[in-house]
Amino acid sequence: MALTLMLASSRIASHLRISLSHRAFSSVVLKDLKYADSHEWVKIEGNKATVGITDHAQEHLGDVVYVELPDVGRSVSQGESFGAVESVKATSDINSPISGKVLQVNKDLSESPALVTSSPYEEGWIIKVELSDAGEVKKLMDSDKYSKFCEEEDAKH
Amino acid sequence: MRSPRTLEVWRLGTVNYLKSLKIQDKLVSERKSHQIPDTLLSLEHPPTYTLGKRRTDHNLLIPQSQLTKIGAELHYTQRGGDITFHGPHQAILYPIISLRSIGFGARNYVETLERSMIEFASMYGVRARAGNKCETGVWVGDRKIGAIGVRISCGITCHGLAFNIDPDLNYFEHIVPCGIADKEVTSLRRETDALLPKEEVIHKQLITCFAKAFSYDDVVWKEDPSFILDTKDDG
């Protein structure tokens with residue numbers, strides 16, 4: 001039964017351009033995104049970017065109950081904190097994978113912070129940014145590198 | 001074979017809340033830049049109410065103007081969690097540790113803090129348990145004995161846990177503790193018939209349970225608290 005499910009999920013994943021690692025505790029990594037080592041993802045579209053936290057991040061956080069969003073118009077810098085999420089009585093900083101200016105924040109997260117948990121790559125997006133330095137994207141990981149990074153981190157304990 | 005993990009422990013006695021925040025800020029910065037190893041602060045606070053990042057001050061049931069009358073301060077913080085009380089005879093641990101070096105996220109970290117307190121309570125025959133979903137902390141039945149509220153930035157922790165040894169539980173009447181309205185707060189004194197040793201001994205036991213739960217190989221007990229209590233940025 002488990003093998004059938006694994007094969008079915010691999011076929012679906014391949015169709016959706018998702019890479020799955022078949023470990024006991026695997027998380028979803030999307031192929032067309034870039035990733036920071038602090039577990040945020042970014043989708044680049046021209047000089048605009050959408051940022052959120054990864055499936056690996058939300059799994060390791062526990063249910064998100066609060067999201068602190070930045071103000072529209074403020075600057076963000078690669079590797080610097082721009083907001084926070086709260087889960088299990090822990091606030092965790094969210095760091096920006098890229099530098100630029102915040103164009104939009106996901107206001108749905110104020111009423112429904114759990115979207116970060118249930119849909120980290122889609123409805124749980126956090127900010128949209130106008131890039132100030134497209135070259136910075138080179139410093140981020142692609143999906144294969146990020147999957148490996150997550151496996152190595154999880155192997156530490 | 002992984003490299004051995006060391007925990008440095010500072011036992012600070014009673015520390016004013018704002019001062020403890022300054023000390024933690026400094027240690028977090030030093031831990032981020034690898035100047036210090038994982039560090040644990042063990043201390044108590046004078047009577048202090050604190051709020052978390054969500055600023056749930058509707059859970060303070062008396063006007064702020066009344067706080068000095070009952071000998072307490074109020075502080076807003078960046079930690080997770082709701083309103084809580086800290087005071088004498090409540091053991092506090094503030095771990096300043098790198099979660100990235102052990103591959104922990106918030107959930108594993110908090111669960112291990114809970115396990116530390118449960119293990120500690122069991123030394124006195126008290127059967128504590130972790131909270132249900134949305135009730136992070138440590139409970140004896142429906143009575144809360146240990147609270148958790150942490151902050152994680154760049155994978156480094158601050159704030160931590162508070163375990164009730166024998167605090168004046170009346171202070172909890174002025175809040176909805178942790179935002180949970182219908183549950184009591186309790187203490188080790190209330191829950192055990194065992195004779196409690198000196199608090200210094202109790203704190204050391206709690207620290208040892210923490211070190212064991214987090215699999216530290218070495219614990220270094222720092223002897224001179226004035227080294228970090230006399231921080232130059234002190235106001």
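In the legends below, Ala, Val, Leu, Ile, Met, Phe, Trp, Tyr, Cys and Pro count as nonpolar, Asp, Glu, Lys and Arg as charged, and the others, Gly among them, as polar. Please keep in mind that this is a predicted model.

**Figure 1. The second largest cavity, with lining from three strands of chain B.** Welcome to a space of about 140 Å³. Its lining divides into eight nonpolar, six polar and three charged residues. There are 17 lining residues, and those nearest the centre are B:Arg79, B:Thr84, B:His86, B:Ile148 and B:Gly149. Strands β5 (84-86), β9 and β10 (156-164) of chain B each give at least two residues to this lining. The largest share, four residues, is supplied by β10(B).

**Figure 2. The largest cavity, lined by residues that include members of chain A and chain B.** The structure contains five cavities of 30 Å³ or more, and the largest of them has a volume of about 380 Å³. Look for A:Ser38, A:His39, A:Leu61, A:Ser92 and B:Ile152, which lie nearest the centre among the 25 residues of the lining. Two or more lining residues come from each of α2 (55-61) and β9 (90-95) of chain A and β9 (143-153) of chain B. Sorted by class, the lining holds 10 nonpolar, 10 polar and five charged residues.

**Figure 3. The largest pocket, with elements of chains A and B contributing to its lining.** Here the volume is about 420 Å³. The lining is made of 20 residues, and nearest the centre you will find A:Val88 with B:Asn132, B:Lys133, B:Cys134 and B:Thr136. At least two lining residues apiece come from β8 (81-87) of chain A and α2 (106-122) of chain B. Helix α2(B) provides the largest share, namely four residues. Nine of the lining residues are charged, while six are nonpolar and five are polar.

**Figure 4. The second largest pocket, with a volume of about 320 Å³.** Of its 16 lining residues, A:Lys156, B:Arg2, B:Arg5, B:Ser101 and B:Ile102 are the closest to the centre. The classes here come to six nonpolar, five polar and five charged residues.

**Figure 5. Helix α2 of chain B, which also helps to line the largest pocket.** The helix has 17 residues. From its first C-alpha to its last, α2(B) reaches 24 Å, close to the 24 Å expected at 1.5 Å a residue. Its buried residues are B:Ala106, B:Tyr109, B:Val110, B:Thr112, B:Leu113, B:Glu114, B:Ser116, B:Met117, B:Phe120 and B:Ala121. Note that B:Glu114 is on this buried list.

**Figure 6. Helix α4 of chain B and the elements that cover its buried residues.** This helix, residues 199-213, has 15 residues. Its end-to-end C-alpha reach of 21 Å is close to the 21 Å expected at 1.5 Å a residue. The buried residues of α4(B) are B:Ile202, B:His203, B:Leu206, B:Ile207, B:Cys209, B:Phe210 and B:Ala211. Their cover includes the chain B elements β1 (6-14), β2 (38-44), β6 (90-96), α2, β10 and β12 (218-222). Just after the helix, B:Ser215 takes a positive phi of about 55°.

**Figure 7. A:Lys89, a residue with a positive phi in a loop of chain A.** Its phi is about 60°, although A:Lys89 is not a glycine. The loop in question lies between β8 and β9 of chain A. Is A:Lys89 buried or exposed? With a relative accessible area of 10%, A:Lys89 is under the 20% cut-off, so it counts as buried.

**Figure 8. B:His159, a residue with a positive phi in a strand of chain B.** B:His159 is a residue other than glycine, and its phi is near 55°. The strand that holds B:His159 is β10 of chain B. B:His159 is buried too, because its relative accessible area of 5% falls under 20%. As in the view of the second largest cavity, β10(B) is the strand to look for, with four residues in that lining.

**Figure 9. Chain A as a setting for the close-ups, with five helices and 11 strands.** Of its 157 residues, 50% count as buried. Among contacts in chain A between residues at least 6 apart in sequence, 61% join residues at least 24 apart. The accessible surface of the chain comes to about 7900 Å², and carbon and sulfur atoms account for 52% of this area.

Notes. Residues numbered from 1 in each chain as written. Chains lettered and ligands numbered in written order. Predicted model: local features only at pLDDT ≥ 70, side-chain atom pairs only at ≥ 80, totals over all residues. Heavy atoms only, no water. 1 Å grid on protein atoms, 1.4 Å probe; cavity = no way out; pocket = protein on both sides within 12 Å on 5 of 7 lines; lining within 4 Å. Points joined across faces, edges and corners; volume = space filled by probe spheres on them. Expected span 1.5 Å × (residues − 1). Buried < 20%, exposed > 50% of the residue type's maximum accessible area, 1.4 Å probe, protein only. Contact = heavy atoms within 4.5 Å. Areas by Shrake-Rupley, 256 points an atom, 1.4 Å probe, with all protein chains shown as cover.
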